[in-house]
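Biologist: I would like a close look at one part of this chain, followed by a connected account of how the rest is put together. Please take it step by step, with the reasoning where there is some.

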Amino acid sequence: MLKRVFTRDAAADRVVPPTGITARLTLFSAGAMAFLAVFALALSLAAGRLADRWGEDLARSSTIRISAPADQLSAQTAAALRVLEETPGIASVRALDAEEQRALLEPWFGPDLPVETLPIPQLIEVVEADVGLDAEGLRLRLSAEVPGAVLDDHTRWRRPMIAAASRLRLMGWVCILLLVGAVAAMITLAANAALAANARVISVLRLVGATDDYIADAFVRRFTLRALLGAGLGTLAGLLAIMALPGVGETGGILTGLGFQGWHWILPLLVPPLAAAVAFLATQIAARRALTELA
């Protein structure tokens with residue numbers, strides 16, 4: 001099958017016009033869909049990495065918020081740290097200083113927020129060990145020994161964020177499937193147009209002894225190679241555009257992390273062969289149907 005596609009036959013190539021609206025339509029549609037497929041693939045992979053990172057980081061971290069009068073805040077913070085150091089399943093704890101809390105509030109209140117003069121709760125960062133901790137037991141002990149302390153294990157934040165990232169990853173794959181369907185539709189329309197425009201040529205070829213397989217192979221070969229070339233150019237443009245995007249910053253957001261990492265760079269290279277395979281099947285079906293109707 002592949003040999004027939006990539007083996008040049010000058011006589012068969014003359015059956016399909018090398019230029020014209022169908023050639024431009026095939027090249028453009030394959031290139032545009034490949035370009036979009038590269039971005040959809042990058043988005044899906046980036047969303048998957050983000051979901052894994054959120055699940056991993058937030059699952060092992062918790063925050064304790066201490067709200068108390070200014071004259072009691074230091075004592076309750078020390079009591080909370082003592083409780084945490086005695087709690088099994090905790091790898092490390094530390095109280096955030098004023099500069100760190102100012103950095104957390106800066107995106108909402110600006111860089112000049114006077115943290116020292118505001119009744120801001122004291123935050124304590126808790127990193128769990130591999131065995132994990134008993135969150136309910138820790139809450140009960142904190143409520144008894146540190147009345148102003150509230151434990152937040154990030155569950156209510158982690159689950160919707162991971163779900164959103166996972167759905168975004170799924171939508172990326174759905175977009176790729178839709179693009180495959182769009183390529184098949186465009187190739188089918190272009191092939192039907194070329195077959196209809198060459199109806200007289202096909203009749204003459206039949207009169208001189210050409211078989212339907214020979215005629216169909218000529219159309220299949222030309223449209224498959226056009227799709228392969230267009231998808232190759234579109235994939236190259238998509239990869240260059242991805243490489244021009246900003247790299248992963250400290251925040252590790254989905255926009256700054258959009259791209260490919262490690263062996264994932266191989267996946268975009270599969271887009272042109274996939275487009276060629278779709279074009280091969282679509283043209284094969286369209287050619288067989290059209291030749292049957294012209295018989």
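Biologist: What is the relative accessibility of Leu168, and as what does Leu168 count at that value?

Modeller: In this predicted model, Leu168 has a relative accessibility of 32% and therefore counts as partly exposed, since that class runs between the buried limit of 20% and the exposed limit of 50%. The residue sits in helix H7, and together with Leu43, Leu170, Met171, Val174 and Leu178 it forms a nonpolar patch on the surface, whose accessible area comes to about 510 Å² in total. Helix H7, which covers residues 155–197, is the element that gives the most to this patch, with 5 residues.

The setting of that patch is a chain of 295 residues, 40% of which are buried, with an accessible surface of about 16,600 Å², 66% of it belonging to carbon and sulfur atoms. Its secondary structure comes to 10 helices and 4 strands, which follow one another along the sequence as α-α-α-β-α-β-α-β-α-β-α-α-α-α. Of the contacts between residues at least 6 apart in sequence, 83% join residues at least 24 apart.

From the surface one can turn to the interior. In soluble globular proteins, nonpolar side chains tend to be buried together. Here the largest nonpolar core has 17 residues, and the members touching the most others are Ile64, Ile66, Leu84, Ile124, Val126, Leu138 and Leu142. At least two residues of this core come from each of strand S1 (61–66), helix H4 (70–86), strand S3 (122–128), helix H6 (135–145) and strand S4 (149–152), and the largest share, 5 residues, is from H4. Apart from this core lies another, of 15 residues, including Ala191, Ile202, Ala286 and Leu291.

Helix H4 can be checked for its length: at 1.5 Å a residue its 17 residues should span 24 Å, and because the end C-alpha atoms are 25 Å apart, the two values agree. Its buried residues are Leu73, Gln76, Thr77, Ala79, Ala80, Val83 and Leu84, and the elements that cover them include S1, strand S2 (90–95), S3, H6 and S4. Some of these H4 residues recur among the partners of Ile66, which, leaving aside neighbours within four places in sequence, is in contact with Leu73, Gln76, Thr77, Ala80, Pro121, Gln122, Ile124, Gly148 and Ala149.

The charged side chains add further links, for the whole structure holds 3 salt bridges. In one of them Arg141 meets Glu86 at 2.4 Å, N to O; Arg141 lies in helix H6 and Glu86 in helix H4, so this pair ties together parts that are 55 residues apart in sequence. Arg141 also meets Glu145, at 2.9 Å, N to O, and here both residues lie in helix H6, 4 residues apart, which is about one turn of the helix. Salt bridges with shared partners thus join Glu86, Arg141 and Glu145 into one network. The members of that network are partly exposed, with relative accessible areas of 28% for Arg141, 47% for Glu86 and 40% for Glu145.

The remaining pair to describe is Arg94 with Glu125, at 3.1 Å, N to O; as Arg94 lies in strand S2 and Glu125 in strand S3, the bridge ties together parts that are 31 residues apart in sequence. Arg94 is partly exposed at 37%, and Glu125 is partly exposed at 32%.

Methods:
Residues numbered from 1 in each chain as written. Predicted model: local features only at pLDDT ≥ 70, side-chain atom pairs only at ≥ 80, totals over all residues. Heavy atoms only, no water. Core = buried A, V, L, I, M, F, W, Y, C linked by side-chain atoms within 4.5 Å. Buried < 20%, exposed > 50% of the residue type's maximum accessible area, 1.4 Å probe, protein only. Contact = heavy atoms within 4.5 Å. Expected span 1.5 Å × (residues − 1). Areas by Shrake-Rupley, 256 points an atom, 1.4 Å probe, with all protein chains shown as cover. Patch = residues over 30% accessible without salt bridge, like charges linked within 9 Å, V, L, I, M, F, W, Y side chains within 5 Å. Salt bridge = Lys/Arg side-chain N within 4 Å of Asp/Glu carboxyl O.
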